[in-house]
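Subject: Structure handover

Dear colleague,

I am passing on to you the structure that I have been looking through, with the sequence beside it. Please open it first, and then read the notes below with the picture in front of you.

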Amino acid sequence: LLGTIRNEYLNVKHFIKSDVSISNAINNCINICKNVYIPKGDYVISERIILKPYTHIYGDGIGKTIIIASDSILTESREFTMCGPTNLSDNFEINDIEFKNKCKGWPNYGFDNGAKTSWCIVFPGGCNNINIHNCKFSNATGGVYVHNNSSYIRITNCVFSDMIAIPTNHTVPLSGTAGGYGVILDADNSSGEDIGKIKDVVISHCEFIHIQRHIIYSQYVED
């Protein structure tokens, strides 16, 4: 690993090869070190980036380190670019990265390949100590989605722009919509029941631009 470490962070660019996709290179770095540096550049990913406990990911800043969701990642009815693990996990830090999806607004809602919704980052239930700082999320149906039983969430100095609501009826704007959110803090099930509150949330010094439904949407959240 000589030459790949920048201040004890693995440099993703040293793992990108002709036979290794950008998605796999980032995931390989996370599997090896948990501390990952993504230098300036555009990174078109074809698979989810899977975070692990104690994952810290740093870029060079908004407009410099840009992660772009390719069409191949947007093939399911609900997809996301980066996600936390599915088991109870702690300590995630994401700094200085721009996430860009390909969602379009009226009159051509959705994605060219027919995908329905796409989120930038999703944390399943039971994720704690989530820190997202100086990141940008754009052209998606949602920026950051945090599920039930999660706590100590800090989202600071971030930009959320062009979050598009996708209608079930594509001829009527905002009819039966999905998405269109900046941040979702959601602790209910499909029946609207509380399945574990989200606790200790701070969202500060963030900018929200062209959010079609809710800047911040929350259910069953405690201060």
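**What I found in the model**

Among the contacts in the chain between residues at least 6 apart in sequence, 64% join residues that are at least 24 apart. Please keep in mind that this is a predicted model, in which the chain averages a pLDDT of 79 and 73% of the residues score at least 70. Two stretches call for care: over residues 1-6 pLDDT stays under 50, and the model has 12 contacts beyond four places in sequence for them, while over residues 106-115 pLDDT also stays under 50, with 30 such contacts in the model.

As for the overall make-up, the chain has 1 helix and 23 strands, and buried residues make up 48% of its 223 residues.

**The strands and how they pair**

It helps to recall that strands of a sheet pair through backbone hydrogen bonds, either parallel or antiparallel. Here, 6 strands form an open sheet with parallel pairing, in the order β4-β7-β10-β13-β16-β21. The edge strands are β4 (41-45) and β21 (207-211), each of which pairs on one side only. If direction is ignored, neighbouring strands of this sheet are turned by 10° against each other on average. Within the sheet, strand β13 (residues 136-140) runs parallel to strand β16 (residues 159-163), and 4 bridges join the two.

Another strand to look at is β6 (residues 55-58), along which the side chains alternate: Thr55 and Ile57 point to one face and are buried, whereas His56 and Tyr58 point to the other face and are not. β6 is joined by 3 bridges to strand β3 (residues 35-37), which runs parallel to β6, and β6 also pairs with strand β9 (residues 89-95) in the parallel sense, over 4 bridges. You can follow both pairings from Tyr58, which is the bridge partner of Tyr37 and stands opposite Asn95 in β9.

In the loop between β6 and β7 (65-69) you will find Gly61, which counts as buried because its relative accessibility is 6%, under the 20% that sets the limit for a buried residue. Gly61 and Lys40 are 21 residues apart in sequence, and their C-alpha atoms are 7.8 Å apart in space.

**The nonpolar cores**

Which residues touch the most other members of the largest nonpolar core? Of the 40 residues in that core, they are Phe123 and Phe137. The largest share of this core, 4 residues, comes from helix α1 (residues 22-32). There is also a second, separate core of 7 residues, which includes Phe80, Cys83, Trp119 and Tyr145.

Phe137 deserves a slower look, since its neighbours can be picked out one by one in the viewer. Leaving aside those within four places in sequence, the contacts of Phe137 include Phe99, Cys120, Ile121, Ile132, Val144 and Met163. Phe160 is also in contact with Phe137, and Phe160 is the bridge partner of Phe137 in β16.

**A salt bridge and two unusual backbone angles**

The count of salt bridges comes to 1, and in this one the side chains of Asp200 and Arg154 meet at 3.0 Å, N to O. The pair links distant parts of the chain, with Asp200 in strand β20 (residues 198-204) and Arg154 in strand β15 (residues 151-156), 46 residues apart. Is each partner buried or exposed, or in between? Asp200 counts as partly exposed because its relative accessibility is 31%, whereas Arg154 is buried, with a relative accessible area of 16%.

Most residues other than glycine have a negative phi, and it is against this background that two asparagines should be read. Asn129, in strand β12 (residues 127-133), has a positive phi of about 60° although it is not a glycine, and Asn129 counts as partly exposed, at 26% relative accessibility. Asn134, which is found in the loop between β12 and β13, likewise has a positive phi, near 55°, and Asn134 is partly exposed at 25% relative accessibility.

With best wishes

Conventions: Residues are numbered from 1 along each chain as its sequence is written. This is a predicted model: local features need pLDDT of at least 70, side-chain atom pairs count only at pLDDT 80 or more; totals for chains, interfaces and linings use all residues. Side-chain values use heavy atoms; hydrogens and water are left out. Buried means under 20% relative accessible area, exposed over 50%, partly exposed in between (1.4 Å probe, protein chains only). Two strands pair if DSSP finds at least two bridges between them. pLDDT is the predictor's confidence in each residue, from 0 to 100. Contact means heavy atoms within 4.5 Å. A salt bridge is a side-chain nitrogen of Lys or Arg within 4 Å of a carboxyl oxygen of Asp or Glu. Axes are lines fitted to C-alpha atoms, for helices over the stretch in contact, and angles run from 0 to 180 degrees between N-to-C directions. A nonpolar core is a set of buried Ala, Val, Leu, Ile, Met, Phe, Trp, Tyr and Cys residues joined through side-chain atoms within 4.5 Å.
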